[in-house]
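Please open the structure in the viewer and keep the sequence panel visible. The tour below proceeds by selection, with a short account of what is found at each stop.

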Amino acid sequence: SPPQALRPANGTPVPFTPAGRSEYDSYVSGLKSGKIEDSTRKYCLPDGIPRLLTAPFPFEVVHTPGQVTFLHEARHVYRAVPIDGMHINADLLIESYMGDAVGRWDGDTLVINSLGFNTETRLDPSGLPHSGKLQVSERWRRIDGGKRLQADITIEDPDVYTAPWTTRLTFASRNDLKIEEYVCGTKHRDLTQSGVAK
C-alpha cells in the first residue's frame, strides 16, 4: 500500500535540520491532539509532489511528443511535464502547489525536476515539511518487464533537511482499473492494497 510516511530508501533517518525536526514534531503532535487540521484534506487542495504519489488511487501516464502528462484520480490533478524544456525564468515563476516541472530522458529513465512550490503542502500524509526552497527530482522507469513503475524521488530543501535524500515508490500497472470521478467531500473508493499506475 502507499506509504503514510516517506523515508529515505537507504534506511537512514530523515536528515532534518533542527528547525525542520521541530516543525515536523509540532505538526505531528498537533494532528494527534486535533489542534491542527490537514488543510490539504480539509479544503481538498492539490497534494503537491511527492505527496500526490502516495494517494491510494490510480493515475495514468500519457507520453506525447514533447510532453509527459500524469493524470491523477486524486482530486483530478494533472501534471503536464515538458520534455527537454527549461524552467520558467525565476523572476517570472509563480509558486504553486505542484511546482514548475521539466523533464528529460536519460536512456529509458524519465527524469523530472520541479521547483517553485508554495508552502501550503506537506511532502507526505505524515506531515513532512518543506520550505519555498524545495526542489524535487524524480527518476521514473519501468521494471519487471513493464509490469511496474519505479520512482526514485530526491528531496532537496536546505531550510528543512541537512542533505538531499531519496525515497522510492513502486506502482503496479493495472489495466483493470480506470480513473473514476473524484468529488471532494464524498466517500470515494479506497485502493490501499497496492500503489497503482496505469
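What pLDDT does the protein average, and what percentage of the residues score at least 70? This is a predicted model, and its average pLDDT is 90, with 94% of the residues scoring at least 70. Colour the model by pLDDT and then select residues 194–198, where the value falls below 50. In the model, this stretch nevertheless has 25 contacts beyond near neighbours in sequence.

Next, select residues 67–72, which form strand β2. Within this strand, centre the view on Thr69. Is Thr69 buried or exposed? Its relative accessible area is 12%, which is under the 20% limit, so Thr69 counts as buried.

Keep Thr69 in view and display its side chain together with that of Gln67. The two side chains make a polar contact at 2.9 Å. Then add Glu60, Val61, Val62, Arg79 and Ala80 to the selection: these are the residues in contact with Thr69 once neighbours within four places in sequence are left aside.

Finally, turn to the interior space. How many cavities of 30 Å³ or more does the structure hold? There is 1 such cavity, and the volume of the largest cavity is about 40 Å³. To find the largest cavity, select Leu52, Ala55, Phe57, Phe59 and His72, which lie nearest its centre among the 11 lining residues. By class, the lining comprises 9 nonpolar, 1 polar and 1 charged residues.

Key. Residues are numbered from 1 along each chain as its sequence is written. This is a predicted model: local features need pLDDT of at least 70, side-chain atom pairs count only at pLDDT 80 or more; totals for chains, interfaces and linings use all residues. Side-chain values use heavy atoms; hydrogens and water are left out. On a 1 Å grid over the protein atoms alone, a cavity is a set of points where a 1.4 Å probe fits but cannot get out, and a pocket is an open set with protein on both sides within 12 Å along at least five of seven lines; lining residues have an atom within 4 Å of a point. Grid points are joined across faces, edges and corners, and a volume is the space filled by probe spheres set on the points. Ala, Val, Leu, Ile, Met, Phe, Trp, Tyr, Cys and Pro count as nonpolar, Asp, Glu, Lys and Arg as charged, and the others, Gly among them, as polar. pLDDT is the predictor's confidence in each residue, from 0 to 100. Contact means heavy atoms within 4.5 Å. Helices (H or I, at least four residues) and strands (E, at least two) are DSSP runs, numbered from the N terminus. Buried means under 20% relative accessible area, exposed over 50%, partly exposed in between (1.4 Å probe, protein chains only). A polar contact is a pair of N or O atoms within 3.5 Å; within protein, one must be able to donate a hydrogen and the other to accept it, and residues adjacent in sequence count only if both atoms are side-chain atoms.
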